[in-house]
Amino acid sequence: MRWTGWSAKIGRFAGIDLYMHATFPLLFIWVGFIYWMQTGTVEGVLFGMTFIAVLFLCVILHEYGHALTARRYGIGTRYITLLPIGGLAALERMPKDPRQEIVVALMGPAVNVAIAFGLLVVLTLSGGWSPPDMDAPMLMPANFLQSVFVANIFLAVFNMIPAFPMDGGRVLRAVLSFRMGRLRATQLAARIGQTVAIFFGLVGLLGNPLLILIAVFIWIGAASEAGASEVETQLHRKPVARAMITEFHTLAPWEPLSRAVDLTLAGTQKDFPVLDGRRVVGVANQTAILRGLRDHGLHGRISEIMSAATTAETDADLFELLEALQQGEDVRLICILRRGELVGLIDMENISEFLRIEAALRDH
Ligand SMILES: [Zn+2]
């Protein structure tokens, strides 16, 4: 298994890496324990664990519902992670068009509805419905397929709660943004999400700890969504020229890698624009420089390791540049041009510094 932070890669399906969070197996242990307490039998424990495994298979399919729909709109998915509280598809970005956002959000729950419908047909045709048995332990329903059916209905309904970070919250935001700006729509949807969280929390206090957990999860999700949109407004319509790095070093394609090493060690710059005369011809980022040193040594040429440069004009939208930087690991630096000539650089660190300064000025 390959680990990335707290998550291990467990496979790759439809071109998307599937990760499992380190805490995920704890869920199995917990479920096994609950079933052991309820039934006291090994069969009970196996039933519980199989049920959870099938349930999470449905969660994975739900996430692929989002990811593959987004792909139809030209939006890639960086990875899908399984957490004990559910799945998470990390889309490269959300669609700007509210109609597309609605479709992407709906296609997750739609997968669960489709699974439930399939089971409904199977159960009805086979006469496999069993009436609820009031004497059986709560978590030990007589019929496995029937439990999976109920769980999928639950997944669809739960995800359609109109609150961030649930899919219903995204639909709500998109619908609201037809009538008001995207930012106000996000803030309103986030506030509704936090109201729902408080309601769940209060009901949970009456004796359902699971609801309290869900309330905390909704609260955090709503807050982070509101925060992300805050960043969006901060960066929106801010001139790139105010935020860009204007003191930097450049490399030439024919220079040796040793020059990049000297500049890296002498300063804090890690990624360098490559200029042929005054023309930007590429970017040499740290990863490529290190790989170049391994393959060619200090005498390798910059031209051998540089990659295509991402450029923008001085009047570009800072938020769009941030999105470009977040999209792929290979874009770490954006060259800012004025009339074709390099005048500045923008990278992630620089944008976060800009945000910190703006925040400090606002609080002043
Ligand atoms: Zn979803």
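**Exercise 1.** In this predicted model, find which residues A197 touches, leaving out those up to four places away in sequence.

*Solution.* Contact here requires C-beta atoms within 7 Å. With sequence neighbours up to four places away set aside, A197 touches A215, I218, W219 and A222.

**Exercise 2.** Place A197 in the largest nonpolar core and state which elements and domains supply that core.

*Solution.* Step one: the core has 39 residues, and A197 is among those that touch the most other members, together with A163, A189, I218 and A222. Step two: at least two residues each come from helix 2 (42–72), strand 4 (77–83), helix 3 (98–125), helix 4 (144–159), helix 5 (167–176), helix 6 (182–205) and helix 7 (209–235). Step three: helix 3 is the main contributor, giving eight residues. Step four: because residues come from both domain 1 (2–160) and domain 2 (181–234), the core lies between these domains. A second core, separate from this one, has 27 residues, including M244, V274, A284 and I289.

**Exercise 3.** Determine how many residues of helix 5 are buried and what they pack against.

*Solution.* The buried residues are D167, G168, G169, R170, V171, L172, R173, A174 and L176. That is nine of the 10 residues in helix 5, so the rest of the structure largely encloses this helix. Its buried residues pack against helix 3, helix 4 and helix 6.

**Exercise 4.** Describe how strand 6 and strand 7 pair, and what joins them.

*Solution.* Strand 6 (residues 272–276) and strand 7 (residues 279–284) are antiparallel, with five bridges. D276 has R279 of strand 7 as its bridge partner. Two residues separate the strands in a hairpin, and G277 in the turn has a positive phi of about 70°.

Conventions
Residues are numbered from 1 along each chain as its sequence is written. This is a predicted model: local features need pLDDT of at least 70, side-chain atom pairs count only at pLDDT 80 or more; totals for chains, interfaces and linings use all residues. A nonpolar core is a set of buried Ala, Val, Leu, Ile, Met, Phe, Trp, Tyr and Cys residues joined through C-beta atoms within 7 Å. A residue is buried if 20 or more other C-beta atoms lie within 10 Å of its own, exposed if 12 or fewer, and partly exposed in between; C-beta atoms are placed from the backbone. Helices (H or I, at least four residues) and strands (E, at least two) are DSSP runs, numbered from the N terminus. Domain bounds come from an automatic or database domain assignment. Two residues are in contact if their C-beta atoms, placed from the backbone, lie within 7 Å. Two strands pair if DSSP finds at least two bridges between them.
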